[in-house]
Amino acid sequence: MRRGVVFDFDGVLADSEGLHLAAFQDVLSARGWTLARATYFDRYLGYDDRDLIQAFLEDHDLQVAAADVDALVAEKAQKYDARVMGGLILFSTAVACVTRLGGAFALGIASGSLHGEIDGILRANKIHDAFQVIVGADDVARSKPAPDSYVEAVKRLDVRPERAVAIEDSHWGLTAAKAAGLMTIGITTSYPRHALHLADTVIDSLDEVTPDSVTRLLDLGS
């Protein structure tokens with residue numbers, strides 16, 4: 001029976017949360033608004049770009065026209081792209097993990113990042129072809145913690161949800177994967193272990209993910 005592994009992107013494969021934060025800070029500070037690092041990780045991690053900006057505006061009781069929200073989202077994407085071009089951002093353990101799992105499982109990505117951002121980074125690091133499916137925030141109606149991205153990923157992979165494992169770094173992502181019916185691995189790149197209590201198992205590094213460990217987890221869920 002076909003089995004799959006679906007990776008979150010930011011904070012799991014790509015060490016990009018810091019780049020996202022810096023891009024948001026660039027855009028917001030230009031308008032006199034402040035987004036602290038702690039606030040980003042505690043309040044907004046897991047949101048897609050549009051939802052984060054809308055939540056930030058609501059949290060600060062800021063009234064902004066829809067066209068201005070569109071402009072903020074577009075500007076943030078430009079700032080992020082410029083920072084990505086400055087260097088490679090995959091975790092050092094990412095390529096080896098993907099290579100290990102690729103021979104045994106169908107691989108996909110379900111992320112709150114835009115499809116084009118993910119695609120560009122994977123191509124720059126020459127691992128795009130390892131993934132049969134990429135589902136970005138712009139590919140689904142609702143972002144995490146809604147299950148849409150994982151539902152779509154396993155559908156495109158042609159894998160039953162209970163025969164797939166999600167690897168996530170946040171409570172929001174774990175909530176999404178669980179709601180979609182996947183088994184879950186939490187990784188402590190963004191949050192401590194206790195914040196990942198929804199996960200079926202928690203790891204500190206992708207080095208710990210092997211075909212055998214994924215198979216054991218899937219067997220537990222069957």
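How do the residues of the lining of the largest cavity divide into nonpolar, polar and charged? The legends below take up this question in the second view.

**View 1. The whole chain of the predicted model, with nine helices and six strands.** Helices (H or I, at least four residues) and strands (E, at least two) are DSSP runs numbered from the N terminus. The radius of gyration, taken over C-alpha atoms, is 17 Å, close to the 17 Å that the globule rule (2.2 Å times the number of residues to the power 0.38) gives for 222 residues, so the chain is as compact as a globular protein of that length. Along the principal axes, the C-alpha atoms fill a box of roughly 55 × 30 × 30 Å. Of the 222 residues, 51% are buried (under 20% relative accessible area, with a 1.4 Å probe and protein chains only).

**View 2. The largest cavity and its lining.** A cavity is a set of points, on a 1 Å grid over the protein atoms alone, where a 1.4 Å probe fits but cannot get out, and lining residues have an atom within 4 Å of a point. The space in the largest cavity is about 210 Å³, a volume being the space filled by probe spheres set on the points, which are joined across faces, edges and corners. Among the 21 lining residues, Asp 10, Glu 17, Gly 46, Tyr 47 and Gly 112 are the closest to the centre of this cavity. The lining divides into six nonpolar residues (Ala, Val, Leu, Ile, Met, Phe, Trp, Tyr, Cys and Pro), eight charged (Asp, Glu, Lys and Arg) and seven polar (the others, Gly among them). At least two lining residues come from each of H1, H2 and H3, and H1 supplies the largest share, three residues.

**View 3. Helix H1 (residues 17-29) and the helices it packs against.** H1 has 13 residues and reaches 18 Å from its first C-alpha to its last, close to the 18 Å expected (1.5 Å times one less than its number of residues). Its buried residues include Glu 17, Leu 19, Phe 24 and Leu 28, and the buried residues of H1 pack against H2 (37-44), H3 (49-59), H4 (66-84) and H6 (115-124).

**Notes.** Residues are numbered from 1 along each chain as its sequence is written, and side-chain values use heavy atoms, with hydrogens and water left out. In this predicted model, local features need pLDDT of at least 70 and side-chain atom pairs count only at pLDDT 80 or more, whereas totals for chains, interfaces and linings use all residues.

Conventions
Buried means under 20% relative accessible area, exposed over 50%, partly exposed in between (1.4 Å probe, protein chains only). Contact means heavy atoms within 4.5 Å. On a 1 Å grid over the protein atoms alone, a cavity is a set of points where a 1.4 Å probe fits but cannot get out, and a pocket is an open set with protein on both sides within 12 Å along at least five of seven lines; lining residues have an atom within 4 Å of a point.
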